[in-house]
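Me: Please take a close look at the salt bridges in this structure. I am a first-year student, so short sentences would help.

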Amino acid sequence: MAMAFKMAATGMWVTDECKTSFMEMKWKKVHRFIVFKIDEASRLVTVDKVDGPGKGYDELAASLPIDNCRYAVFDFDFVTTDNCKKSKIFFIACHQAHRGLEKKMLYAISKEGLRRALEGIHYDMQATDPTEMGMDVIKDRAK
């Protein structure tokens, strides 16, 4: 398996699949969102779920487990007040508040390495519960 990028702080690797899926989302618009997870046994950040351009934010929110940590990127399309179509990519670090400290720490210190491997992210969000990453928050940040 080819590795794309090593995150020195944690010794984790970001797989090529993560970068390839992100580039497909960014340039080809074939994905609306991608969810990533850390496989602790193999020390890899891998793609957990990918969904197509017809999906929306609700599907992303439903894809994030309530009992575990995940990263996600979301391609948000919107129209500005000047009637211009825009697209912004959000990186979301979802650390559920009731998870153990060790798991949350692993995701927290691995975040920057994954984010650096995914070039072209416009906004960074961190959420410990669903209200911190609601669609209203995304719309407000994208203005």
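**Salt bridges, one by one**

Reply: Start with Arg-115 and Asp-124, which form a salt bridge with their closest N and O atoms 3.1 Å apart. Keep in mind that the model is predicted. Arg-115 is partly exposed, at 21% relative accessibility. Asp-124 is partly exposed too, with a relative accessible area of 23%.

How many salt bridges does a search of the whole structure find? The count is 8.

Now take Asp-48 and Lys-37. Their side chains meet in a salt bridge, at 3.9 Å from N to O. Asp-48 sits in strand E4, residues 44-51, and Lys-37 sits in strand E3, residues 33-39, so this pair ties together parts that are 11 residues apart in sequence. The cut-off for a salt bridge is 4 Å, so the pair counts. Are these two residues buried or exposed? Asp-48 is partly exposed, with a relative accessible area of 32%. Lys-37 is partly exposed as well, at 29% relative accessibility.

This pair also belongs to a network. Lys-37, Asp-48 and Arg-70 are linked there by salt bridges.

Next comes Lys-49 with Asp-51. They form a salt bridge, and the closest N and O atoms are 3.8 Å apart. Lys-49 counts as partly exposed, at 35% relative accessibility. Asp-51 counts as buried, because its relative accessibility is 14% and buried means under 20%.

Salt bridges are one kind of contact to check. Disulfides are another. The count of disulfides is 0. Why does Cys-18 have no such bond? Its sulfur is 16 Å from the closest cysteine sulfur, in Cys-69, which is too far for a bond. A disulfide needs two cysteine sulfur atoms within 2.5 Å. Cys-69 fails the same test: its sulfur is 7.4 Å from the closest cysteine sulfur, in Cys-94, again too far for a bond. Cys-18 is buried, with a relative accessible area of 0%. Cys-69 is buried too, also with a relative accessible area of 0%.

Last, look at the surface. Leu-101, Met-105 and Ile-109 form a nonpolar patch there, with about 310 Å² of accessible area together. Leu-101 lies in helix H3, residues 101-117. Leu-101 counts as exposed, because its relative accessible area is 61% and exposed means over 50%.

Methods. Residues numbered from 1 in each chain as written. Predicted model: local features only at pLDDT ≥ 70, side-chain atom pairs only at ≥ 80, totals over all residues. Heavy atoms only, no water. Buried < 20%, exposed > 50% of the residue type's maximum accessible area, 1.4 Å probe, protein only. Patch = residues over 30% accessible without salt bridge, like charges linked within 9 Å, V, L, I, M, F, W, Y side chains within 5 Å. Areas by Shrake-Rupley, 256 points an atom, 1.4 Å probe, with all protein chains shown as cover. Helix = DSSP H or I, 4+ residues; strand = E, 2+ residues; numbered from the N terminus.
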